[in-house]
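Please study the sequence and the structure shown below. The questions that follow treat the metal sites, the ligand and several individual residues in turn.

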Amino acid sequence: IVKSGTKNNYQVFDQTIENQSLERRLLESALRSALKEEQFFLEFQPKINIETNKIIGAESLVRWHHHDLGTIPPGKFISLAEETGLIVPMGEWILRESCRQVKAWQNEGFPDFVVSVNVSVRQLEDPDFIEKVKRILEETSLSPMSLELEVTESIFADVRNTVSILEEIQKLGIQVSVDDFGTGYSSLSYIKNLPINTLKIDQSFVRDLHTNEESNAIIMAIVNIANSVGLNVIAEGVEMEEQANLLVKNGCKLAQGYFYSKPLKKDDFEKILQVQ
Ligand code: C2E
Ligand code: MG
Ligand code: MG
Ligand code: MG
């Protein structure tokens, strides 16, 4: 603790830290019971082919509904789940529930539907990860081709054997997408050889795409690189028509964002599927 100025300041600061760690401990113990109390649920955000405006799939995003605290967004608990290792069992539930749901939608008349599931570094470090994925696909009868895993650039720095793990995933027929692309390091060196299928352009570039020439140029460059090395490319965080139009102009064919739809609960997602 840094002592700053008067004794009063010191105490205020001290108490803030204490409150923070209390809050963290409360959140951690609540998080520990959340799985068995079935407090997690998924929302699905459509992925759109922006040339045809058709839904090609969805990203599943976890939500936590706590009886007293209300709905807690992932930004508030994913990192805690990662630090405590709870992300491993939680991630397994997320994967199973995502696959189960998408299989149900495929059976209801959308056979080509693909689900994208976010996967944390910590999950890829689990030596049983591949086995778990295989088992879940078997249990849910989902084709591996209907599953995409979203990983962030940081795995290339953080996880040993990343390449061989991703290769195994691809060998199963599962797609690999690099989430938040452009925000990490060494972006250009790894896209050439690494076992990935898709670059997902980070929202920060899309946000000011229509007002900032540099963001526009960066997006154009990412799309060109992806096209020339045979990777798919998708933009996330599209909120305005102007942004969508510029993406089309830059040759980006896939997008996600509030302009098309917010992440939706199962029932609401089914309503928009029906009017496809
Ligand atoms: P992400 O994977 O990059 O997901 C995109 C986030 O942007 C989501 O926030 C989504 O709701 C939000 N978003 C989508 N369209 C727009 C838009 O047009 N404008 C803006 N401002 N935001 C948009 P969310 O659901 O709060 O998730 C935040 C992050 O938490 C995710 O970022 C991901 O890193 C993590 N996360 C969410 N669900 C899971 C999960 O099931 N497993 C793991 N490991 N991480 C997850
Ligand atoms: Mg994602
Ligand atoms: Mg992202
Ligand atoms: Mg993110």
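Q: Which residues are the protein donors of the magnesium ion (ligand 3)?
A: This is a predicted model, in which local features need pLDDT of at least 70, side-chain atom pairs count only at pLDDT 80 or more, and totals for chains, interfaces and linings use all residues. Residues are numbered from 1 along each chain as its sequence is written, chains are lettered from A and ligands numbered from 1 in the order in which they are written, and side-chain values use heavy atoms, with hydrogens and water left out. Donors are N, O and S atoms within 2.8 Å of the metal (3.2 Å for Na, K and Ca), and sites may look incomplete, since water is not among the atoms. At 2.0 to 2.7 Å from the ion, the protein donors come from Asp179 (OD), Asp180 (OD) and, listed twice, Glu236 (OE).

Q: How are the donor residues of the magnesium ion (ligand 3) spaced in sequence?
A: The donors belong to Asp179, Asp180 and Glu236. Written along the sequence, their spacing is D-D-x55-E.

Q: Which residues supply the protein donors of the magnesium ion (ligand 2), and what spacing do the donors follow along the chain?
A: The protein donors are Glu59 (OE), Asn118 (OD1), Glu150 (OE) and Asp179 (OD), and they lie 2.0 to 2.2 Å from the ion. Along the chain they follow the spacing E-x58-N-x31-E-x28-D.

Q: Which residue coordinates both the magnesium ion (ligand 2) and the magnesium ion (ligand 3)?
A: The two ions are 4.2 Å apart. One residue is a donor to ligand 3 and also to ligand 2. That residue is Asp179.

Q: Why does the pair Asn118 and Asp179 tie together parts that are apart in sequence, and how many residues apart are they?
A: Both residues are donors of the magnesium ion (ligand 2). Helices (H or I, at least four residues) and strands (E, at least two) are DSSP runs, numbered from the N terminus. Because Asn118 lies in strand E4 (residues 114–118) and Asp179 in strand E6 (residues 175–181), the pair ties together parts whose separation in sequence is 61 residues.

Q: Is Asp179 buried or exposed?
A: Buried means under 20% relative accessible area, exposed over 50%, and partly exposed in between (1.4 Å probe, protein chains only). The relative accessibility of Asp179 is 7%. Asp179 therefore counts as buried.

Q: What is the phi of Asp180, and where does this residue lie?
A: Asp180 is partly exposed, at a relative accessible area of 25%. Although Asp180 is not a glycine, its phi is positive, at about 55°. Asp180 lies in strand E6.

Q: What percentage of ligand 1 does the protein bury?
A: A polar contact is a pair of N or O atoms within 3.5 Å; within protein, one must be able to donate a hydrogen and the other to accept it, and residues adjacent in sequence count only if both atoms are side-chain atoms. A nitrogen atom of ligand 1 is 2.6 Å from an N or O atom in the side chain of Glu239. Accessible areas come from the Shrake-Rupley method with a 1.4 Å probe, and for residues only the protein chains shown count as cover. Taken alone, ligand 1 exposes 790 Å², of which the protein buries 81%.

Q: Which side chain does that of Ser116 join in a polar contact of 3.0 Å?
A: Ser116 is placed in strand E4, and it counts as buried at 1% relative accessibility. Contact means heavy atoms within 4.5 Å, and Ser116 touches residues including Glu59 and Glu150, not counting residues up to four places away in sequence. The polar contact of 3.0 Å is with the side chain of Lys47.

Q: Which backbone nitrogen does the side chain of Asn49 reach?
A: Asn49 lies in strand E1 (residues 40–49) and is buried, with a relative accessible area of 19%. At 3.2 Å, its side chain reaches the backbone nitrogen of Thr52.

Q: How many disulfides does a search of the whole structure find?
A: A disulfide is a pair of cysteine sulfur atoms within 2.5 Å. Cys99 is buried at 0% relative accessibility, and Cys252 is buried at 1%. The number of disulfides found in the whole structure is zero.
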